[in-house]
Amino acid sequence: MANRKKRLRKSISSIKAQIEKHKIKKEKALEERKFELTAYHGKEIESMTITKSDKDSKLHRKEKNYKPGSDTNEEGEKK
């Protein structure tokens, strides 16, 4: 499980870097009045933000629901 967390953290930081690159490119395209390119970068930022939040929720989902040594189901009944 440690490898999965490490991989998720690495991918999240990589996505953050890509989002920053696209923000810079979007600003540059806007200054040059290339509106189609600006729209493209906006869509890429939106898509990467969704991907980042998915991976972030996967990373933290395990921490929230983890119950070590639990041998009962959700209703409190023994398995």
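These exercises work through a predicted model of one protein.

**Exercise 1. The overall build**

Task: State how many helices and strands the protein has, and what share of its residues is buried.

Solution. Start with the secondary structure. The protein has 2 helices and 0 strands. The helices are α1 (2-31) and α2 (35-65). Now turn to burial. The protein has 79 residues, and 16% of them count as buried. Next comes the surface. Its accessible area is about 6800 Å², and carbon and sulfur atoms hold 50% of that. Last, look at the contacts. Take those between residues at least 6 apart in sequence: 57% join residues at least 24 apart.

**Exercise 2. Two histidines**

Task: Decide whether His-22 is buried or exposed, and list what it contacts beyond its neighbours within four places in sequence.

Solution. Step one is to place the residue. His-22 lies in helix α1. Step two is to read the accessibility. His-22 has a relative accessible area of 8%, so it counts as buried, the cut-off being under 20%. Step three is to list the partners. Leaving aside neighbours within four places in sequence, His-22 touches Tyr-40, His-41, Glu-44, Ile-45 and Met-48.

Task: Now do the same for His-41.

Solution. His-41 sits in helix α2. Its relative accessible area is 7%, so His-41 is buried too. With neighbours within four places in sequence left out, the contacts of His-41 are His-22, Lys-25 and Lys-26.

Task: Find what distance separates the C-alpha atoms of His-22 and Lys-43.

Solution. Along the chain, these two residues are 21 residues apart. In space, their C-alpha atoms are separated by 9.7 Å.

**Exercise 3. Salt bridges**

Task: Say how many salt bridges the whole structure holds, then describe each pair.

Solution. A search of the whole structure gives 2. Take the pair in α1. Glu-20 bridges to Lys-23, with the closest N and O atoms 3.9 Å apart. That passes the test of lying within 4 Å. Both residues lie in helix α1, 3 residues apart, which is about one turn of the helix. Glu-20 is partly exposed at 43%, and Lys-23 is partly exposed at 38%.

Then take the other pair. Glu-32 bridges to Lys-34, and here the closest N and O atoms are 3.4 Å apart. Glu-32 is partly exposed, with a relative accessible area of 43%. Lys-34 is partly exposed as well, at 44%.

**Exercise 4. An unusual backbone angle**

Task: Explain what stands out about the phi of Arg-33, and say where this residue is found.

Solution. Recall the general pattern. Most residues other than glycine have a negative phi. Now check the residue. Arg-33 has a positive phi of about 60°, yet it is not a glycine. Then locate it. Arg-33 is in the loop between α1 and α2. Finish with accessibility. Arg-33 has a value of 62%, over the 50% cut-off, so it counts as exposed.

**Exercise 5. A charged patch**

Task: Name the residues of the positive surface patch and say which helices supply them.

Solution. List the members. Arg-4, Arg-7, Lys-58 and Arg-61 form the patch. Next, assign them to helices. Helices α1 and α2 each supply at least two residues of the patch. Take one member as a check. Lys-58 is in helix α2. Its relative accessible area is 36%, so Lys-58 is partly exposed. That value also meets the patch requirement of over 30%.

Definitions and conventions:
Residues are numbered from 1 along each chain as its sequence is written. This is a predicted model: local features need pLDDT of at least 70, side-chain atom pairs count only at pLDDT 80 or more; totals for chains, interfaces and linings use all residues. Side-chain values use heavy atoms; hydrogens and water are left out. Patches are made of residues with over 30% relative accessible area and no salt bridge: like charges are joined within 9 Å, nonpolar side chains (Val, Leu, Ile, Met, Phe, Trp, Tyr) within 5 Å. Accessible areas come from the Shrake-Rupley method with a 1.4 Å probe; for residues, only the protein chains shown count as cover. A salt bridge is a side-chain nitrogen of Lys or Arg within 4 Å of a carboxyl oxygen of Asp or Glu. Lys and Arg count as positive and Asp and Glu as negative; His and the chain ends are not counted. The place of a charge is taken as NZ of Lys, CZ of Arg, CG of Asp or CD of Glu. Helices (H or I, at least four residues) and strands (E, at least two) are DSSP runs, numbered from the N terminus. Buried means under 20% relative accessible area, exposed over 50%, partly exposed in between (1.4 Å probe, protein chains only). Contact means heavy atoms within 4.5 Å.
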